[in-house]
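I have a model open and a handful of labels I'd like to pin down. Could you take me through how each one is earned?

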Amino acid sequence: MLKHPAFHIDVGTCTGCKTCMIACKDKNDLADGVKWRRVSEYAGGGWVKRTDGTVTQDVFAYYISVSCNHCEDPICVSVCPTTAMHKDESGIVLVDTTKCIGCHYCEWACPYRAPQYNAAAGVMSKCNFCIDYQREGKPPACVAACPTRSLTFGEYDDLKKRFGESALMAPLPDPSITKPNLFVTPGRTAKPMGSGNGSISNPEEV
Amino acid sequence: MVGSEWPLVYFTILVQMSVGLLIVSEVACLTGGAAARDLLRGRESFSFVLGAVGLAFSFGHLGSPMHSPFALFNLAHSWLSREILCTSIFLASLVALAITRYTATFKAFARPVAVVAFVVGLATVYVMSQVYMIVTVPAWNSPATLLNFVGAALLLGSLAAGLLAYFRWPGEDGAETRTPIACIMSLALLFAGLGLLAKFIEIPISLFAGLETNARGVSATAAVLTDGLGPYVLQIVLLIVGTALFVYVANAAMRGNKAVLSMVGIGAFLITLAGEVLGRFAFFDMHVLIGL
Amino acid sequence: MQNSQISQLNEVSRRTALKLCATLGGLAVLGSGSGILRAAAASPGAGSAAERIVTTSCHVNCGSRCVLRAHVANDIITRIETDDSGTDEYGMHQVRACLRGRSMRKRVYAPERLKYPMIRVGKRGEANFKRVSWDEALDAIAAKMKDIKQRFGSEAFYLNYCTGNLGGMVSKSWPPAQTPVARLMNCWGGYLNHYGTYSTAQISGTMPYVYGANLGNAISDIVNSKLVVMFGNNPASTRMSGGGIIHDLLVARGKSGVRLVVVDPTYTDTAAVADEWIPIRPGTDAAFCAAIAHVLIAEGMVDQKFLDTYCVGFDEAHMPAGIPANSSYQAYVLGQGPDGLVKTPAWASPICGIPVETIVRLARQIGQSKPCCISQGWGVQRHANGEDACRAIATLAALTGNVGIAGGNTGAREGAFTIPFTLFPTLTNPVKDSISVFMWTDAITRGTDMTALRDGVRGRDQLKAPIKFIWNYAGNALINQHSDINRTAEILRDDSKCEMIVVHENFMTPSARFADILLPGTINLEENDFTVSEAASEMAYAIFEQKVIEPLFESRDIYTVCADVAKRLGVGEQFTEGRTREQWLQYLLDQSRPGLPDLPATLEEAWKLGVLKVKNPGPPYVAFKTFRDDPVANPLATPSGKIEIFSKKLWDIGHSWELPAGERIPAVPEFTEEPEGYLSPLRSKFPLQLVTFHYKQRTHSTYGNVPWLKEVAPQELWINPIDADTRSIRHGDPVRVFNDRGTSVIAAKVTPRVMPGVVLLPEGAWYAPDGAGHDHAGSANMLTSQHPSPLTKGNPQHSSLVEVARA
């Protein structure tokens, strides 16, 4: 098991194919509407129709795939009244479903939308970093699934060495809030964090 | 108006009303003496019933209510844990207060228990507001939330206290009950006024706090003022109309006149409550997360 | 990371008891939704004694072919993983399935799986069926076949274009001539052929006039390029396999950092990872290319030496004999041709919507980048004027001398590295008649009227018989994928025209609803088969797919069905040659081994091996390299042996064929206007150009019934905010998209990722009409036209004009 696990996403090569979302749904038998990994489409820019019949534009779009960042200072853990949401010794934030009361407080608080309510079971659920796969020495389902190899996982320090500091990129929230264990390599069109230039244009999919 | 958080709407309003009723009626009793206490007899039980029903509503919000005992496990970090503890202690103290006051055995403990109930009641409203001070929910994360809850507690608590006394009050009967009713009503008017003032201050503050547009292009304020504009305006209208009706009833009582139909009093209460409910639905509709 | 190890599967006999178990297990699964699946997944952990992992694949028309590893416990598939072998080092990398293959469980166990054979009662298209036994169904098929053959001959039998089950050696639904159905018909007199595909009709039929063949460099070759320009090519959506083109593309770009420019009406998912997006109006690529050519010519950036040596038709000095002056491409571009229009950037700009400065800049970048990879996907050609447009792009590659060299390209779509594998033999079709893939509805209504000169009939001057009998095995082009759904439905409903439609399907698709005899088919996970890789640049592979579970309910595979029909037609022995399906697989293995010595000796070993990968031993594939190296010794398969920018053959065709008024087949790649294009007068009524693109929720219409996929990628109409605003449409609003052919109602995605004036409706959503005949699934072919393109008589499914309004 890793000591300080983290994810890395290369936004520059991610084509938004959503294979990671489906691989996760299949592996965890998720019900309709529950998405432990979510690919958000961030798009913006506008068009100008010129009088000469041409158009100009500054359109951009990119995708960011996030499941749970198993944060160092997870807001879901601090707000959870039952301690069902907890960070275990391997750094993975897990839901103890024997304690969870399904109050949605974690869902209210997480700026990455990681906690997902499982209506059938009446408890919260979320990415568990494929803790069972990790114990077998296998990568998480999403990482193993990605056709463009845009997802990586590993020890936080190793990823930092490989990829450098994480980019502060829209639409991600300020990492100082929860200290996510997530490294982001931006693409060519990346917009700075907090930029009002674009918006998440696929809310119906996440 | 989404409407899906109705258990929490009724939970928060009823518990706040419960606290407000206790606070206002206890202060009225302190200033109004035995006659006031007589008019406000059973306030502990009314307060308890309101709070207990509210707490029962909160279970409707839970996916696994059978796990509820675990909800006290994170007092160290979770305001929700603390809220449940506070509410529980408050309700327990109301039971204790009723017992100590109305049975002979524990009369000596009545005063300390009353202090506990008073303080824990105030703490409950404060802790409740802190539950919503989530740094990732800008529309909630402002002083407006505490003002909102305090305002609701005072406004609804005052009306409840005033009406409780009003219905006990026999009317143009004698000088003995007029002064207590006048005392109770004037205090109720004062606290109701404070509560309404708190609402008038918190509404613009919360709308300002909710202006921020998140990455999904959603602004809590924009959402509530476009799709939810009708109910939002209606909320304010109802609060004003309800309070005004109560002022009318209170004034009539202070002039010793119980000719005013009690339906007006009930109407004042229900209208104000309806306004508060609309406002609370709007509050929950303003949950907009930053980030993804 | 653990290697793929497939535990030896004990021989599973087909005893009734086992089948019953599987059926009950399947019923339990289907009855309780995801509950049983969760329980099954929860009990045996990965690798536990009760569970086995079987290598299989996904057999859809995605142009790729991925490895799936099915976890099975108690004869129920509990999980789908993908290739996890080795270290994923490029060249021996993992063939990772896309989101569609990963949802395979939901397809196999979909509640609407067809369970038993059915025969139509009531009118065709109403989906009113009664259950029958297999014997009854097969008897009915054989009886009708004998009847039709006796009355109309073998030419009346048609194998419809069906691409729902690709890859398998035995169970294969396309090319039609390689299917078990073809083998059946070829044992018994043959059938009416078709040429072309809905994917490539125009380009596959046109490129041979330019190059003698439709070939392109491998995408991995772009490590050698200085610039890559893609016209209407979107591998991020059309080649999604992690062992296929999108991975090859990103790896190559990662190595060299070469600049990638995407020319497309849409900011596609490929544009999202590219360096520049140039939006272009649909159907105007030939104008754009002519303007680029003008800049190249005017600024002396054409490779004159290359043109003189390797091409005909660019300039007047290199034209075939007997052609009037000023018919060359240069004359066309410079305005010296019959139209007298100079194809300057200023001329092209208002047509294609691209600013003059952008045209000039790109032209200079193309001319100055040596070498430059100019390529196209299949979006440009799938237009009414696609034949000319796809040639125009190829011409740019020729003008700049980029053909036949590393880092260059022909202008056509990328090529692949493949391994040889002996195909299931389907004998020879005695019938030589062939129609365009797209004109089968005409062949039903007026078959004997169709001629070579007017309707593109091949093999005969005029069709001998109309289509009376359709085999539709694993396809949804009977209705749904064919243009103009309303018109097709009307044609199909008349069962006096086409008298029998046999459909072999997994689900009640829109096409299945029009069956006369509907047979429940197995999905490939319920069959033993082999498959080989398709579009991949540097690594090819064979996947040995052992049967994962027994066929659900009464479903049967196509080989068994055809063998049973053959028996009833008296050609049973001829069809099977005494072999079972598995014996055929062993036969193919043995036949292929000389070309692939590493192939396993037996089926058992094949199942154990799972996947055989072969790395490309040489450099990335360069199309027409030998021609470039020595054009005299290695001429192209064109009349001149050279690249024909001007094609005498097309000149002759254009002057001899009977074309509708206003249609032309020019000999050089002129910009020709589409009947429903940007310049069409019809835009005053239907101002928006509709493009029906390929979308990740499905592979065409396959997987169109999987709720998980609809959740993560719902069907939507993409519309620009400017167009949405004028129609008071907000993101998520239901809208009507309509023209004179039909109406579809679907949610809108308001996005700047599509040009103003263009709307996108992903093709493949399952047609779902209401009482008024309006579709509610966003099925794109409600809007498309059945009018074929001039040369290849192909499908113009990106050439439709529509209007959109709030529903």
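Below, each label is set against its cut-off.

Me: Before we start, what kind of model is this?

Reply: It's a predicted model, so keep that in mind throughout.

Me: What makes A:K18 count as buried?

Reply: The cut-off for buried is 20 or more other C-beta atoms within 10 Å. A:K18 has 29 of them, so the label buried applies. As for where to look, A:K18 is in the loop between β1 (5-10) and α1 (19-28) of chain A. Its backbone deserves a glance too: phi is positive, about 70°, although A:K18 is not a glycine.

Me: And why is A:R149 called buried?

Reply: A:R149 has 20 C-beta neighbours inside 10 Å, and the rule asks for 20 or more, so A:R149 counts as buried. This residue also has a positive phi, about 60°, without being a glycine. You'll find A:R149 in the loop between α5 (141-145) and β10 (151-155) of chain A.

Me: How do you know that chain C agrees with a compact globule?

Reply: Through the radius of gyration. For 807 residues, a compact globule would come out near 28 Å, and chain C has 26 Å, so the two agree. The C-alpha atoms of chain C fill a box of roughly 80 × 60 × 60 Å along the principal axes. Buried residues account for 62% of the 807 residues in chain C. Its secondary structure comes to 26 helices and 26 strands.

Me: What about chain B, and how does its radius of gyration sit against the globule value?

Reply: With 292 residues, the globule value is near 19 Å; chain B has 20 Å, so chain B agrees as well. The box for its C-alpha atoms is roughly 65 × 40 × 25 Å along the principal axes, and 52% of its 292 residues are buried. Among chain B contacts between residues at least 6 apart in sequence, 79% join residues at least 24 apart.

Me: What secondary structure does chain B have?

Reply: Nine helices and zero strands. Reading along the sequence you get α-α-α-α-α-α-α-α-α.

Me: How do you know that chains B and C don't touch?

Reply: A contact needs C-beta atoms within 7 Å. No such contact joins chain B and chain C, and their nearest C-alpha atoms are 12 Å apart. Two pairs of chains do touch, and the pair with the most contacts is A and C.

Me: Which residues make up that contact between chains A and C, by number from each side?

Reply: The contact takes 49 residues from chain C and 42 residues from chain A. Elements giving two or more residues to the chain C side include α2 (34-42), β3 (76-82) and α9 (245-256). By class, that side of chain C has 26 nonpolar, twelve polar and eleven charged residues.

Me: How many residues go into the contact between chains A and B?

Reply: Chain B gives 29 residues and chain A gives 33 residues. The chain B side divides into 14 nonpolar, 14 polar and one charged.

Me: What makes the peptide bond at C:P175 cis?

Reply: Omega, which is near -5° for the bond from C:W174 to C:P175. C:P175 lies in the loop between β6 (157-159) and α6 (180-186) of chain C. Another cis bond joins C:K370 and C:P371, with omega about 0°. C:P371 sits in the loop between α14 (356-368) and β12 (372-376) of chain C.

Me: Which residues have the most contacts inside the largest nonpolar core?

Reply: B:I184, C:I292 and C:V759, in a core of 411 residues. Leaving aside neighbours within four places in sequence, the contacts of C:V759 include C:L688, C:W718, C:V737 and C:V804. In soluble globular proteins, nonpolar side chains tend to be buried together.

Me: Last one: how far apart are domain 3 and domain 4 of chain C, centre to centre?

Reply: Their C-alpha centres lie 29 Å apart. The contact between these domains takes 17 residues from domain 3 and 21 residues from domain 4. On the domain 3 side, the elements giving two or more residues are α8 (235-238) and α15 (386-399) of chain C. That side has six nonpolar, eight polar and three charged residues.

Conventions: Residues are numbered from 1 along each chain as its sequence is written. Chains are lettered from A and ligands numbered from 1 in the order in which they are written. Ala, Val, Leu, Ile, Met, Phe, Trp, Tyr, Cys and Pro count as nonpolar, Asp, Glu, Lys and Arg as charged, and the others, Gly among them, as polar. A nonpolar core is a set of buried Ala, Val, Leu, Ile, Met, Phe, Trp, Tyr and Cys residues joined through C-beta atoms within 7 Å. A residue is buried if 20 or more other C-beta atoms lie within 10 Å of its own, exposed if 12 or fewer, and partly exposed in between; C-beta atoms are placed from the backbone. Helices (H or I, at least four residues) and strands (E, at least two) are DSSP runs, numbered from the N terminus. The radius of gyration is taken over C-alpha atoms; the globule rule is 2.2 Å times the number of residues to the power 0.38. Domain bounds come from an automatic or database domain assignment.
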